[in-house]
Amino acid sequence: MNQPSFSASLPVIRLLPKTKPQAIRHGFPWVYANELVLDRRAKSLAAGSLAVLEDAERRPMAIVAVNVSSRITARVLERDLDAVIDQAWFAAKIRRALAVRETLYDAPFYRLIHAESDGLPGVVIDRFGDTAVVQPNAAYAEVMIDALAAALAEVTGVKNILKNASGRARSLEGLDEESSVLLGAAPDAPVPVQMNGATYMADLTGGQKTGIFFDQRPNHEFAARLSKGARVLDVFSHVGGFSLAALAAGAASALAVDGSDPALALAQDGARAMGAADRFDTRKGDAFTTLEALAAKGDQFDVVICDPPAFAPNKQALEAGLRAYERIARLAAPLVAEGGYLGLCSCSHAADLTKFRNASARGIGRGGRRGTLIYTGFAGPDHPLLPQLAESGYLKALFFRL
C-alpha cells in the first residue's frame with residue numbers, strides 16, 4: 001500500500017482568483033500577502049509553518065513556508081510535492097551549493113548559501129574555515145534551525161556554527177535579534193581571511209552581517225590591478241576591503257575612511273598581518289564630510305573607491321538613494337588625479353544597474369570631471385543570481401577613468 005506523501009499532511013493555502021500563477025510556476029520564489037486567500041484558517045498558521053500552495057483552481061503548485069505576519073507570506077521551498085522537508089532535505093541543498101564553491105575556491109572561505117539562489121529562501125550561510133555563520137532570515141529557517149545546523153555540520157564538517165540574528169530582514173519577518181552558538185564555540189578573536197593576497201580580520205560575533213563581505217571579492221581584485229604604485233582612497237571601507245587588496249597589489253599608500261572605530265581597528269590589524277601597516281592609514285568620520293574636507297585641502301588620489309551601504313534598500317527609498325549615489329560621485333570625482341580611477345559601488349537592489357550608472361555619471365559631471373566606464377562588476381560566483389528574482393543580484397561596481 002502506498003504511503004501518503006509528506007505534502008498530504010500539510011495545510012493548504014490558495015492564490016486569489018486574480019493572481020496569475022505563471023510567475024511562480026516559472027521560478028519566482030515569493031508569494032505576497034495580497035496574492036493569497038488569507039481566511040481565518042490561513043491566518044491561524046504559525047509563522048514558519050509548511051503548507052501546500054494551490055492556484056485558484058485548487059491545483060497544487062509547491063510546498064511553501066508560511067508567515068502571515070510578513071509581506072512575503074509564502075516562500076517556495078519545493079516544487080516536488082513528494083519531497084520531505086527535513087534534515088536530509090537541507091543537507092541535499094547544502095551539498096549542491098558546496099559542490100560549486102569547492103570547484104571555484106581553493107580555501108573554505110566563501111558564501112556557502114545565498115538564500116533563494118541556492119534553494120534555501122531567506123537563509124544566508126558564510127563559511128570561515130571550520131566555522132560557519134548562519135543568518136536564518138525567514139521564519140521557517142528559525143523554526144527548523146536545529147535540522148539546518150545538523151545538516152550543515154554533516155555536509156561540511158564545520159566544527160562551529162554561529163547564528164547571527166541581526167539585520168533588517170529578520171525584523172521584517174517578525175523574528176528576534178538574539179544571536180547564539182548552535183555548535184561548538186564562537187572564536188575568541190577575529191578570524192584571518194585571505195583574499196586577493198590580502199589578509200582581512202573578520203569579527204564573527206560583533207561585526208556587521210556575518211563578519212566580512214565576500215561579495216566584493218572580484219571587484220577588490222579589479223581595483224587592485226589599478227593600484228600598483230598608486231595612492232588609494234577607500235571610502236566606506238568597513239574592514240579595509242578595497243584598501244587592503246590595493247596594498248597587497250603594491251599600492252604606494254592607502255587611506256581607509258569609515259564611521260566605525262571597530263571596523264577601522266580590524267582594517268589596521270589586517271594591514272599589520274600582511275606587513276603593510278607603514279603604507280596604511282585610517283580616518284574615522286562621516287563619508288560625505290570627509291570627502292569635502294579632503295577636497296578643501298586639495299588632496300588627490302590615483303584610485304578612489306566608494307562602497308556605501310544600501311542607500312535605496314526598497315522602492316520607497318529609490319529617489320533619495322539615487323540622489324545620495326549622485327552626491328557621492330560628485331564629491332569623490334574632484335579627488336581623483338588626472339587619468340586616475342573612480343570606483344563606485346551600490347548594494348541597493350532597488351537601484352538597478354542603469355539607474356545607478358546614470359546617477360554616478362551625473363555626479364561625476366557635476367563634480368566637474370569627465371569619465372569613461374572601464375569596468376562593470378557584480379557579486380562573485382558564491383553569490384549566484386536567481387534570474388527570476390532581481391533582489392538576488394543586488395551588487396553593482398562601476399569603475400571610471402577620469
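**View 1. F109 has F128 as its bridge partner in strand β7.** Welcome to the first stop in this predicted model. The pair belongs to two strands that run antiparallel, β6, which covers residues 109-114, and β7, and five bridges join them. When you have found F109 and F128, you can follow β7 through residues 123-128. General background may help here: the strands of a sheet pair through hydrogen bonds of the backbone, in a parallel or an antiparallel way.

**View 2. A hairpin links β7 and β8.** Here β7 pairs with strand β8, residues 131-136, and the two run antiparallel with six bridges between them. One place to look is V124, whose bridge partner in β8 is Q135. Two residues lie between the strands of the hairpin. Look in the turn for G129, which has a positive phi of about 65°.

**View 3. How much of strand β7 is buried?** Six of the six residues of β7 are buried, so this strand is largely enclosed by the rest of the structure. It helps to take the two faces in turn. One side carries V123, I125 and R127, and these residues are buried. On the other side sit V124, D126 and F128, which are buried too. Both faces of β7 are therefore covered, with "buried" meaning a relative accessible area under 20%.

**View 4. Strand β19 pairs with β17 and with β18.** Strand β19 spans residues 396-401 and is mostly covered, with five of its six residues buried. Six bridges connect it in the antiparallel sense to β17, residues 336-346. The pairing with β18, residues 372-377, is also antiparallel and has five bridges. A handy landmark is F400 in β19: L342 stands opposite F400, and F400 is also the bridge partner of L373.

**View 5. C306 and C345 are not joined by a disulfide.** Why do C306 and C345 form no bond? The sulfur of C306 is 8.3 Å from that of C345, its closest cysteine sulfur, and this is too far for a bond, because a disulfide needs the two sulfur atoms within 2.5 Å. Seen from the other side, C345 is in no disulfide either, and its nearest cysteine sulfur is that of C306. C306 is buried, with a relative accessible area of 1%. C345 counts as buried as well, at 1% relative accessibility. For the whole structure, the number of disulfides is zero.

**View 6. Five strands make an open sheet.** In what order do the strands of this sheet lie? Reading across, the order is β1-β3-β4-β5-β2, and the pairing is mixed. At the edges are β1 (12-14) and β2 (30-32), each of which pairs on one side only. On average, neighbouring strands of this sheet are turned by 40° against each other, direction ignored. Further in, β4 (residues 60-66) and β5 (residues 72-78) run antiparallel and share four bridges. Within that pairing, A65 has R75 of β5 as its bridge partner.

**View 7. One cavity of 30 Å³ or more is found in the structure.** The largest cavity has a volume of about 40 Å³. Its lining includes A65 and R75, along with G48, V66, N67, I72, T73, A138, A139, Y140 and E173. The elements that contribute two or more residues to this lining are β4, β5 and α4 (139-143). The largest share, three residues, comes from β5. Sorted by class, six lining residues are nonpolar, three are polar and two are charged. In general, empty space of this kind shows up when a probe the size of a water molecule is rolled over the atoms.

**View 8. The second largest pocket takes the largest share of its lining from β5.** This pocket has a volume of about 190 Å³. Strand β5 supplies three of the lining residues. To find your way around, look for V76, L77, E78 and R79, which are among the lining residues. Also in the lining are G27, P29, K93, E116, G119, L120, P121 and L386. By class, this lining divides into six nonpolar, two polar and four charged residues.

Key
Residues numbered from 1 in each chain as written. Predicted model: local features only at pLDDT ≥ 70, side-chain atom pairs only at ≥ 80, totals over all residues. Heavy atoms only, no water. Buried < 20%, exposed > 50% of the residue type's maximum accessible area, 1.4 Å probe, protein only. Pairing = 2+ DSSP bridges. Axes fitted to C-alpha atoms, helices over the stretch in contact; angles between N-to-C directions. 1 Å grid on protein atoms, 1.4 Å probe; cavity = no way out; pocket = protein on both sides within 12 Å on 5 of 7 lines; lining within 4 Å. Points joined across faces, edges and corners; volume = space filled by probe spheres on them. Nonpolar A, V, L, I, M, F, W, Y, C, P; charged D, E, K, R; others polar.
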